[in-house]
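Visitor: I should like to take a close look at a single part of this structure. Please choose one strand and explain how it is placed in its surroundings.

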Amino acid sequence: MPSATSLDVTAIRKDFPILAQQVHGKPLIYLDNAATSQKPKCVIEALTRFYQKDNANIHRGVHQLSERSTESYEAARGKVQRFLNAANAREIVFVRGATEGINLVAQTYGRTHVGAGDEIVISAMEHHSNIVPWQMLCEEKGAVLRVIPINDRGEVEFDQFEKLLNRRTRLVAVSHVSNALGTINPVREIVNTAHGWNVPVLIDGAQAVPHMEVDAQNLDCDFYVFSGHKVFGPTGIGVLYGKEQRLEDMPPWQGGGDMIRSVTFEKTTYNDLPYKFEAGTPDIAGVIGLGAAIDYLDQIGMDAVAAHEHDLLEYGTRALENISGLRLIGTAREKAGVLSFVIDGVHPHDAGTILDREGVAVRAGHHCAQPVMDRFGVSATTRASLAFYNTREDIDALVAGIQKVKEVFAV
Amino acid sequence: MINDLYQETILDHNRRPRNFQSLEDANRKAEGYNPLCGDQCKVFLKEHDGVIDKVTFQGAGCAISIASASLMTEVLKGKTVGEAETLLAKFHDLLTTDQPLPKDLGKLVVFSGVREFPARVKCATLAWHTLRAALRGAGEAVSPE
């Protein structure tokens with residue numbers, strides 16, 4: 001059955017060479033997009049072009065190649081700025097990924113603003129990357145980590161969140177979209193409420209940017225992080241957005257080249273934003289590849305992406321709900337991209353192996369969100385996660401694969 | 001073929017694990033954990049004069065890891081510690097090499113299908129690594145690396 005939306009998925013799939021292959025003699029059905037997304041040809045070609053034509057270090061050479069690579073690198077920063085609707089390009093810091101972005105904030109903003117007895121608020125659905133950096137900071141400073149509980153659907157309990165805020169709260173860090181559950185959090189309201197206490201908010205957008213338009217100024221968040229590889233760009237590159245004044249007030253993180261204005265053995269002065277946070281030669285090719293991915297998404301339109309995936313998610317939810325013995329984990333009213341489930345009598349890893357042999361690539365495990373698994377009383381789930389190049393036929397293949405799992409295990 | 005991996009014996013031991021309990025009079029025990037997938041396994045042994053009198057396990061995990069632990073408890077009963085170590089080495093070869101199947105593995109040959117699924121070798125070896133830790137007296141949690 002064709003999708004109800006206007007996206008020309010047949011044409012789009014031709015842009016992703018990796019999708020046209022067989023695994024174990026079956027057509028590849030790639031439903032592990034929350035782990036990493038596939039790359040369109042234009043991203044792969046941008047990487048190749050950079051290394052074949054423009055490769056040089058940035059911000060220092062006087063020669064032609066260095067000028068070209070610097071220009072491409074900074075042009076990509078401008079693309080990210082527009083992609084997030086940041087107020088200016090100085091607010092876009094390139095990092096290795098969402099994880100590094102969160103660690104950067106924890107070790108600069110956190111170390112200078114969090115003291116003994118202070119509190120940091122996260123939610124019960126966070127990825128380990130938005131838990132552990134804050135635990136490390138709390139440990140170092142004698143601060144306290146507070147956790148917003150979630151309900152049985154996998155939604156934050158907003159009234160509990162309001163109660164957690166107090167004069168000792170120094171930061172709220174929550175995901176925009178949960179990687180394990182697919183829940184879309186009410187981040188605009190969370191920011192608004194936290195700001196009522198003058199508390200800054202960091203949003204982990206790793207699972208949001210591939211699925212929906214994000215407007216940092218409208219969200220009014222203080223920090224927003226995401227990973228390039230989850231949004232059809234290369235691995236090893238990511239973005240920290242920070243409001244200019246916040247970033248200005250923070251000490252630098254790593255020291256090295258590019259982040260300084262002048263160095264003597266007596267005194268070093270630091271560079272302006274965003275270079276203050278970009279010590280050493282960055283992943284230049286990765287940044288340029290990310291820029292190409294954003295150009296590609298601009299052409300398709302995030303509205304069309306969101307509409308198509310919404311249709312797929314509804315179609316998939318209905319299909320999985322009809323399978324006896326299957327329980328969806330994460331049934332928030334606002335969801336994006338994720339179908340996480342358990343099957344009675346079958347461990348998720350066994351389901352993952354059998355699905356793989358049917359050509360269906362999914363993730364099985366705790367999804368780096370063990371507290372979420374504990375909350376739902378499971379040790380792991382099988383997770384199918386969507387991208388705009390997926391189709392209803394992919395969902396049908398998933399359902400057929402699940403029937404095969406049930407057949408093998410006789411459940 | 002998927003049915004080579006999930007042979008009937010494995011599915012049966014997954015559904016009804018044998019010797020699935022703790023052992024009050026155990027004189028050796030160890031705990032295994034695979035941090036990648038969260039599988040857990042506790043092995044309890046009663047060993048007397050170098051002979052394994054009783055062996056039981058408790059744990060949570062996939063069908064391969066549960067069935068492997070369950071079958072292990074069956075084959076080890078009455079074996080000497082030395083025989084258990086030899087069996088462990090042979091079992092490991094069964095899973096990780098493409099040599100012809102060892103002859104004297106008995107029921108454990110049902111795991112020969114795991115060879116074709118390298119990502120699942122750790123599932124099958126967790127209980128055995130935990131056993132080795134128990135035999136060698138390492139009281140700490142082990143992982144099947």
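Guide: The account below begins with chain A as a whole and then turns to one strand. This is a predicted model, in which local features need pLDDT of at least 70 and side-chain atom pairs count only at pLDDT 80 or more, while totals for chains, interfaces and linings use all residues. Residues are numbered from 1 along each chain as its sequence is written, and chains are lettered from A and ligands numbered from 1 in the order in which they are written.

The secondary structure of chain A comprises 14 helices and 17 strands; helices (H or I, at least four residues) and strands (E, at least two) are DSSP runs, numbered from the N terminus. Of the 411 residues in chain A, 51% are buried, a term for residues with 20 or more other C-beta atoms within 10 Å of their own, the C-beta atoms being placed from the backbone.

Chain A is divided into domain 1 (9-30 + 302-409) and domain 2 (44-299), with bounds that come from an automatic or database domain assignment. The centres of these two domains of chain A, taken over C-alpha atoms, are separated by 28 Å.

The chosen part is strand E14 of chain A, residues 338-343, and six of its six residues are buried. In a regular strand the side chains alternate between the two faces of the sheet. In E14(A), Val338(A), Ser340(A) and Val342(A) point one way, whereas Leu339(A), Phe341(A) and Ile343(A) point the other way, and all are buried.

E14(A) also has partners, where two strands pair if DSSP finds at least two bridges between them. With strand E13 (residues 326-328) of chain A, E14(A) pairs in the antiparallel sense over three bridges. With strand E17 (residues 381-385) of chain A, the pairing of E14(A) is again antiparallel, over four bridges. Phe341(A) in E14(A) takes part on both sides: Leu328(A) stands opposite Phe341(A), and Phe341(A) stands opposite Thr382(A) in E17(A).

The strand also belongs to the meeting of the two domains. Here 22 residues of domain 1 of chain A are in contact with 22 residues of domain 2 of chain A, contact meaning that the C-beta atoms of two residues, placed from the backbone, lie within 7 Å. On the domain 1 side, the elements of chain A that give two or more residues are helix H11 (302-321), E14 and helix H13 (370-375). H11(A) gives the most to that side, with five residues.

Note on methods. A residue is buried if 20 or more other C-beta atoms lie within 10 Å of its own, exposed if 12 or fewer, and partly exposed in between; C-beta atoms are placed from the backbone.
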